[in-house]
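Work through the exercises below with the sequence and the model at hand. Each task is followed by a solution in steps.

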Amino acid sequence: SGGKDALLHCWSLSDILDEGHHSLHASVTWTHHRLPVTSIKVGSGGVNSRVITSSLDKTVKIWNIPAESMICSVAFPCPLHDCVLDPAERWIYSGGDNGK
């Protein structure tokens, strides 16, 4: 999950679905964005998936879930509102304030 606090949290689905689990804690929290996170996309690699995020801080970031780390950050000339992966997960497309 991600939002206005600029934090990105990775949650364990088994913890969320466990009825006896009363207090949830994110498995991983990343703090690299400086402004609200506007989009989160997860690849199709299961537990080895990469996560792609966009933000109003004008960046798209790629995250490695198993390593709990950011792989790279790409800066754009304007705040971003969305990002998507192509089906083969070779290209990232992003959309921002400037319409380009």
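**Exercise 1: strand β5 and its partners**

Strand β4 (residues 50–55) pairs with β5 in the antiparallel sense over five bridges. Strands here are DSSP runs of E with at least two residues, helices are runs of H or I with at least four, and both are numbered from the N terminus. Two strands pair if DSSP finds at least two bridges between them. The model is predicted, so local features need pLDDT of at least 70 and side-chain atom pairs pLDDT 80 or more, while totals for chains, interfaces and linings use all residues. Residues are numbered from 1 along each chain as its sequence is written, and side-chain values use heavy atoms, without hydrogens and water.

Task: find the bridge partners of Ile62 and of Trp63 in β6, then place β5 in its sheet.

Step 1. On the β4 side, Ile62 is the bridge partner of Ile52.

Step 2. On the other side, six bridges join β5 (residues 59–64) to β6, again antiparallel. Here Ile62 stands opposite Cys72, and Trp63 stands opposite Met70.

Step 3. The open sheet has four strands in the order β3-β4-β5-β6, with antiparallel pairing. Because β3 (37–42) and β6 (69–75) each have a single partner strand, they stand at the edges, and one side of each is left without a neighbour in the sheet. Neighbouring strands are turned by 20 degrees against each other on average, direction ignored; the axes behind this angle are lines fitted to C-alpha atoms.

Step 4. Turn to the hairpins. Between β4 and β5 there are three residues, and Lys58 takes a positive phi near 75 degrees. Between β5 and β6 there are four residues, and Glu68 takes a positive phi near 55 degrees.

**Exercise 2: the cover of β5 and an aromatic pair**

Task: decide how many residues of β5 are buried, and describe the aromatic pair that includes Trp63.

Step 1. Six of the six residues of β5 are buried (buried is under 20% relative accessible area, exposed over 50%, partly exposed in between, with a 1.4 Å probe and protein chains only).

Step 2. Sort the side chains by direction. Thr59, Lys61 and Trp63 point one way, whereas Val60, Ile62 and Asn64 point the other way. In a regular strand the side chains alternate between the two faces of the sheet.

Step 3. Apply the ring rule: rings of Phe, Tyr and Trp (its six-membered ring) pair if their centres lie within 6.5 Å, and planes under 30 degrees apart count as stacked, over 60 as edge-to-face and the rest as tilted. The count comes to one aromatic pair. Trp30 and Trp63 are stacked, at 4.8 Å centre to centre and 25 degrees between the planes. Trp30 lies in strand β2 (residues 28–30) and Trp63 in β5, so the pair ties together parts that are 33 residues apart in sequence. Both Trp30 and Trp63 are buried.

**Exercise 3: a salt bridge**

Task: which side chains meet in a salt bridge, and which strands hold them?

Step 1. The rule asks for a side-chain nitrogen of Lys or Arg within 4 Å of a carboxyl oxygen of Asp or Glu. One salt bridge results.

Step 2. Lys41 and Asp82 form this contact at 3.1 Å, N to O. Lys41 is in β3 and Asp82 in strand β7 (residues 80–85), 41 residues apart.

Step 3. Lys41 counts as partly exposed, at 26% relative accessibility. Asp82, with a relative accessible area of 35%, is also partly exposed.

Key
Axes are lines fitted to C-alpha atoms, for helices over the stretch in contact, and angles run from 0 to 180 degrees between N-to-C directions.
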